[in-house]
Each structure stands twice: as structure tokens, then as C-alpha cells.
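Work through the exercises below with the model open. Try each task before you read its solution.

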Amino acid sequence: MSIFDSWLDVRNRLLASPAFQRWASAFPLTRPIAQKRARELFDIVAGFVYSQILFACVRLKLFEILAEGPQSADALAKRMALPPEGAIRLLRAAGSLRLVAVCEDKRYALGELGAAMIGNPGIAAMVEHHAMVYSDLADPVALLRGEVERTALSSYWSYAANTDAANVDEQSIDGYTALMSDSQSLIAGDVLDAYSLKGHKCLLDVGGGDGTFLVTAAKRWPHLKVILFDLPAVAERAKARFQREGLADRATAVGGDVMRDPLPEGADVVSLVRVLHDHDDDEALAIIKAARRVLPTGGTLLVAEPMSGTPGAEPIGDAYFGFYLLAMGSGRPRTPVEIDNMLRLNVFDPVRLVPTVRPILTRLLAATRMA
Ligand SMILES: C[S@@+](CC[C@H](N)C(=O)[O-])C[C@H]1O[C@@H](n2cnc3c(N)ncnc32)[C@H](O)[C@@H]1O
């Protein structure tokens, strides 16, 4: 047994002992740590219940109602069409989670976390679609054993389990394209603040969705040409978006399947925003190879997505995305080092981790295509 193993053994025996737990909770120097650990464990135990309280707030539009100003429980019960006791139960629960705050005169107002939801409609959209995630995760062991034949998420992300992705119809891209668009403005801001496209001429965004990322980039750098590549039904959405935004003269959208069709030529920078983690390793490598084929020597590949092992946000990569993508039936979160290795294997060197302001939302790798 190594020294580390022996240390782990001693520590875990101690932490598992009810007598030690009682002592640590009572002794003044260990009490704060014991309480913090107990709370962390309980938060994991109760996580689903907390999420469903948030779900109820979103469904009942509680945050939008409270954004009008503080209101009494009775008024809120009427607005949410809940019986008074149901409203009070929800308001107290939401209060304990800092989604709602209680004023001195007993009216209810937006809490710190509820207020943050108002400025970010992407979170509400994410919460709404979690109904599918939770039904898919009802038996996580069966999911891990590969015993679940069809999940709600694999139908929602219609390309995930589809060998003929290019033929997915309008209807089956609706839900995920809108969901991605809602959260993309935050991501685009963070990525484009971190990496300037001033010195580039043409940006190709592969799997670019309805074009939100490219619209943000094109508006920020008026000299920049942008090309979007996505499944035909999605690219049509982007084309219409570029026209609405008055960008049709320097923004084009091309439909196709990145696994089968060549990417459009002419870009000196290619972006993969929240794309690689959707794919298993062989497909992720095929996408990197496709980008390599169209980039000139010295061109840049940007990979932006939430990554595994992000300091301070570990559960987002490995717990949330790990299980989300498992339920979706395709892909996995990767560490920056794993992506770095995949890029270097494909003649991208150097690869640089560019700091982003909210690594919890997205991290960013910038890689240069060698000769
Ligand atoms: C998770 S979404 C990300 C969208 C966008 N980049 C964003 O961050 O908002 C992945 C995108 O890849 C596209 N996609 C998936 N498989 C594809 C394929 N085989 N060929 C082209 N695009 C594909 C999807 O249609 C979708 O728009």
C-alpha cells in the first residue's frame, strides 16, 4: 500500500466513524468544517428537489412576476394560480435557495439568484428542458450499463443517434436550435472577449446553429467575413437570421453533414463552439480533421466548450455534462489536455488555453495549423 493509500484509508475510516463525526461537530475548531461537509453532502442528496423547486418557479413565471416589484403571498398565489398554502410553500422553499427574498413587511421579492435568472433567459430554457434529462436519468445504473434503448434526449438532439444527420427535418431541430441560441449570446461574448478576431479575415463556424455566434463576431469586427456550416435545416435558419441582421453581404450559411461533406473553403480561422463534446472520440477527430483540411498553414482553430476538470467548476464538466451526454447517447466532456492531444495529433501546434472570464460556461483553446 502506498503512503497515499494508507493516508486515505486512515482518513476515510475516521470520517466514516459516527463517534468522530459527533466529536468533529462539537469541537469548536472542527465544527465549521464538519458543518460545511454535512451541508455539501446534503446538497447532493437533495439536489433533485432543489432543481424541481427552480423548475416550478420557472414554469409559474415567478421571477418575471417578481421583476415587477415585491408582492404579497396572496397576490403571488393569484398570479401563479396556486392555492395560498401552495404559494407559501413554494415561496419559502425558493427563499431558502436565495431565488426569492423576503422583505421586512413580509412581501416577497427577487432573491440574488432569482435576479440573475432574469438577465439570462438561457437558464430558464435550460431548466424547462431538464424535464427530459431527469426522466432519462431516472435509472442512472441502467443508463451506465447501456441498457436504455431510447432516451428523450437522444430524440431531442436529433443528430446524436442519427446516422443520416443531414436529413433531419425542420421540426426535429427546432427545440435544440432555440435552446442553443438562448444561451449562445453569453458564450459568444466570453469567447470573443478572450480571443480577438481583428487580425483574421474570414471565420468559419462549424456546427454554428442559428448563427448567434457569427452575428456577434460580425458585428464586433465589421471587416470580418463569416461562414456557417451546420445541418441543412439549421443552416437555413442561419441564412434567414443573417438576412434579418443585415449581414447577407458578408455572412453565408452552408448546409451539410461534417462527417460526409467537405467544409467550405476560404476561412483563416475555424471555430467549434460546444461541438466537440457532443461527439465520441472518432467523430470528434473527424471534425478536427475536416477543419484541418480547409485551414491554411498558420490558420487558427478555436475550440470553445465547458471542459472536464475545470478548477472551481469540476461538477459541471464531469457530473453534469458527463451524465447529460451519456443520456444524449453521444459524446463526453474532455479536459483541455485531452483536446490538446487530439489537436496535436492533427498537426495543430502550438495549442494555447486562452483564459475566459466564466470558465464555468466555456473554456477556450486556440490552436495553430502547422504546415
Ligand atoms: C450543441 S449544438 C451547438 C450550436 C452552437 N455552436 C452553439 O454553441 O450554440 C451542436 C450543433 O452542431 C450541429 N451538428 C451536429 N451534427 C452535425 C453534423 N454531422 N454536421 C453538421 N452539423 C452538425 C447541430 O445541428 C448543432 O447546431
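This is a predicted model.

**Exercise 1. Is R98 buried, partly exposed or exposed, and what is the sign of its phi?**

Solution.
- Start with accessibility. R98 has a relative accessible area of 44%.
- Apply the cut-offs. Buried means under 20%, exposed means over 50%, and partly exposed lies in between.
- So R98 counts as partly exposed.
- Now take phi. The phi of R98 is near 65°, a positive value, and R98 is not a glycine.
- Compare with the general rule. Most residues other than glycine have a negative phi.
- Place the residue. R98 belongs to the loop between α6 (84-96) and β1 (100-102).

**Exercise 2. Find where K61 lies and describe its phi.**

Solution.
- Locate K61 in the loop between α3 (31-59) and α4 (62-67).
- Read phi. K61 is not a glycine, yet its phi is positive, about 55°.
- Check accessibility. K61 is at 45%, so it counts as partly exposed.

**Exercise 3. Which residues does the cis peptide bond join?**

Solution.
- Look at omega. A value of about 5° goes with the cis bond between D349 and P350.
- Find the element. P350 is in strand β8 (residues 348-354).

**Exercise 4. Describe the surroundings of the ligand.**

Solution.
- Find the site. The ligand sits in the second largest pocket.
- List the contributors. α11 (170-194) and β4 (225-230) are the elements that each give two or more residues to the shell.
- Rank them. α11 gives the largest share, three residues.
- Sort the shell by type. Nine residues are nonpolar, four polar and four charged.
- Pick out one contact. A side-chain N or O atom of Q184 is 2.7 Å from an oxygen atom of the ligand.

Terms used
Residues are numbered from 1 along each chain as its sequence is written. This is a predicted model: local features need pLDDT of at least 70, side-chain atom pairs count only at pLDDT 80 or more; totals for chains, interfaces and linings use all residues. Side-chain values use heavy atoms; hydrogens and water are left out. A polar contact is a pair of N or O atoms within 3.5 Å; within protein, one must be able to donate a hydrogen and the other to accept it, and residues adjacent in sequence count only if both atoms are side-chain atoms. On a 1 Å grid over the protein atoms alone, a cavity is a set of points where a 1.4 Å probe fits but cannot get out, and a pocket is an open set with protein on both sides within 12 Å along at least five of seven lines; lining residues have an atom within 4 Å of a point. A molecule sits in a cavity or pocket if more than half of its atoms lie within 2 Å of its grid points. Helices (H or I, at least four residues) and strands (E, at least two) are DSSP runs, numbered from the N terminus. Ala, Val, Leu, Ile, Met, Phe, Trp, Tyr, Cys and Pro count as nonpolar, Asp, Glu, Lys and Arg as charged, and the others, Gly among them, as polar. Buried means under 20% relative accessible area, exposed over 50%, partly exposed in between (1.4 Å probe, protein chains only).
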